[in-house]
Amino acid sequence: MMNKFLSVVSTMLLLSLLSGCNPASSGNEQSEPPLAGATIGGSFTLTNQDGGKSSDTDFTGQYRIIYFGYSYCPDVCPVDLQRLMQGLALAEKNDPTLAEKIQPIFITIDPERDQPEQLKQYVAAFHPRLIGLTGSVEEIAEVAKKYVIIYGKREDEGASEYLVDHSRQGYLFGPDGEPVALLPYDGTPQEIADEITRWMR
Ligand code: NI
């Protein structure tokens with residue numbers, strides 16, 4: 001879920017990060033990944049769905065699909081995650097070796113409610129290898145900033161059932177944690193699978 005203000009700010013941030021990075025491209029003939037050189041991402045150490053710690057360096061050598069959201073999100077997050085993970089599953093079906101080369105990661109922007117046990121149930125519903133990460137309010141704020149994700153509680157909602165507006169991005173990062181591409185989270189599984197494999201070496 002996100003409101004228009006967040007959407008516009010988020011898009012402007014991304015555009016400002018991307019401007020000047022890439023020469024004009026011609027769609028599928030593009031040789032340079034769309035996010036090459038963008039200032040998005042970085043190191044993190046967060047708490048995973050099993051209660052242990054997971055760091056970006058745990059995934060060195062693997063591509064990463066990273067999506068930020070929250071498990072209580074009533075509509076957008078579950079639909080995006082389902083599409084992204086269906087796309088990944090399709091790509092894996094076409095090339096079983098991909099399973100070792102790519103790690104899907106869900107990072108909550110609602111750490112107060114998304115405790116490890118809550119995330120464990122949630123991520124299992126989308127893909128058997130999807131990792132769910134949470135942390136302190138401060139840790140999540142720091143990671144979200146690095147990954148250009150804006151979010152905020154809706155103050156007009158009841159205390160227990162509040163909604164959180166948040167940026168919506170399906171990121172593909174490379175084996176060294178470098179940004180590679182934005183996945184079409186509202187596309188078909190085939191379109192998502194194509195975009196995942198397009199940039200993998
Ligand atoms: Ni959401």
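**Exercise 1.** Leaving aside neighbours within four places in sequence, which residues is Tyr147 in contact with? Place Tyr147 in the largest nonpolar core as well.

*Solution.* The structure is a predicted model.
Step 1. With neighbours within four places in sequence left aside, Tyr147 is in contact with Ile40, Gly41, Gly42, Phe44, Ile66, Phe68, Tyr171 and Phe173.
Step 2. The largest nonpolar core has 53 residues, and those that touch the most other members are Ile107, Tyr147, Tyr171 and Leu172. Tyr147 and Tyr171 are thus both among these core residues, and they are also in contact with each other.
Step 3. Helix α2 gives the most to this core, namely six residues.

**Exercise 2.** Determine the strand order of the open sheet and explain why one side of β2 and of β9 is left without a neighbour in the sheet.

*Solution.*
Step 1. The open sheet contains seven strands in the order β2-β1-β5-β4-β3-β8-β9, and the pairing is mixed.
Step 2. Strands β2 (53–55) and β9 (179–182) stand at the edges, and each has a single partner strand; therefore one side of each has no neighbour in the sheet.
Step 3. From one strand to the next, the twist averages 35 degrees.
Step 4. Strand β8 (residues 170–173) pairs with β9 in the antiparallel sense over three bridges. Within this pair, Leu172 stands opposite Ala181 in β9.
Step 5. Two helices remain to be placed. Helix α2 packs on the sheet and touches β3, β4 (102–108) and β8, and its direction makes about 165 degrees with that of β3. Helix α5 (residues 137–146) also packs on the sheet, where it touches β1, β3, β4 and β5 (131–134); its direction makes about 120 degrees with that of β1.
Step 6. Strands β8 and β9 form a hairpin with five residues between them, and Gly177 in the turn has a positive phi of about 85 degrees.

**Exercise 3.** Identify the protein donors of the nickel ion and explain which parts of the chain Cys73 and His166 tie together.

*Solution.*
Step 1. The protein donors are Cys73 (SG), Cys77 (SG) and His166 (NE2), which lie 2.1 to 2.3 Å from the nickel ion.
Step 2. The spacing of the donor residues in sequence is C-x3-C-x88-H.
Step 3. Cys73 lies in the loop between β3 and α2, whereas His166 lies in strand β7 (residues 164–166); the pair therefore ties together parts that are 93 residues apart in sequence.
Step 4. Both Cys73 and His166 are buried.

**Exercise 4.** Are Ser71 and Thr47 buried or exposed? Describe the surroundings of each residue.

*Solution.*
Step 1. Ser71 is located in the loop between β3 (63–69) and α2 (76–94). Its relative accessibility is 10%; because buried means under 20%, Ser71 counts as buried.
Step 2. The side chains of Ser71 and Asp114 are joined by a polar contact of 2.4 Å. Not counting residues up to four places away in sequence, Ser71 touches Phe106, Asp114, Gln118 and Tyr122.
Step 3. Thr47 belongs to strand β1 (residues 45–48). With a relative accessible area of 15%, Thr47 is buried as well.
Step 4. A polar contact of 3.1 Å links the side chain of Thr47 to the side chain of Lys53. With neighbours within four places in sequence left aside, the contacts of Thr47 are Gly52, Lys53, Pro116, Gly132, Leu133 and Thr134.

Terms used: Residues are numbered from 1 along each chain as its sequence is written. This is a predicted model: local features need pLDDT of at least 70, side-chain atom pairs count only at pLDDT 80 or more; totals for chains, interfaces and linings use all residues. Side-chain values use heavy atoms; hydrogens and water are left out. Helices (H or I, at least four residues) and strands (E, at least two) are DSSP runs, numbered from the N terminus. Buried means under 20% relative accessible area, exposed over 50%, partly exposed in between (1.4 Å probe, protein chains only). A polar contact is a pair of N or O atoms within 3.5 Å; within protein, one must be able to donate a hydrogen and the other to accept it, and residues adjacent in sequence count only if both atoms are side-chain atoms. Contact means heavy atoms within 4.5 Å. Donors are N, O and S atoms within 2.8 Å of the metal (3.2 Å for Na, K and Ca); water is not among the atoms, so sites may look incomplete. A nonpolar core is a set of buried Ala, Val, Leu, Ile, Met, Phe, Trp, Tyr and Cys residues joined through side-chain atoms within 4.5 Å. Two strands pair if DSSP finds at least two bridges between them. Axes are lines fitted to C-alpha atoms, for helices over the stretch in contact, and angles run from 0 to 180 degrees between N-to-C directions.
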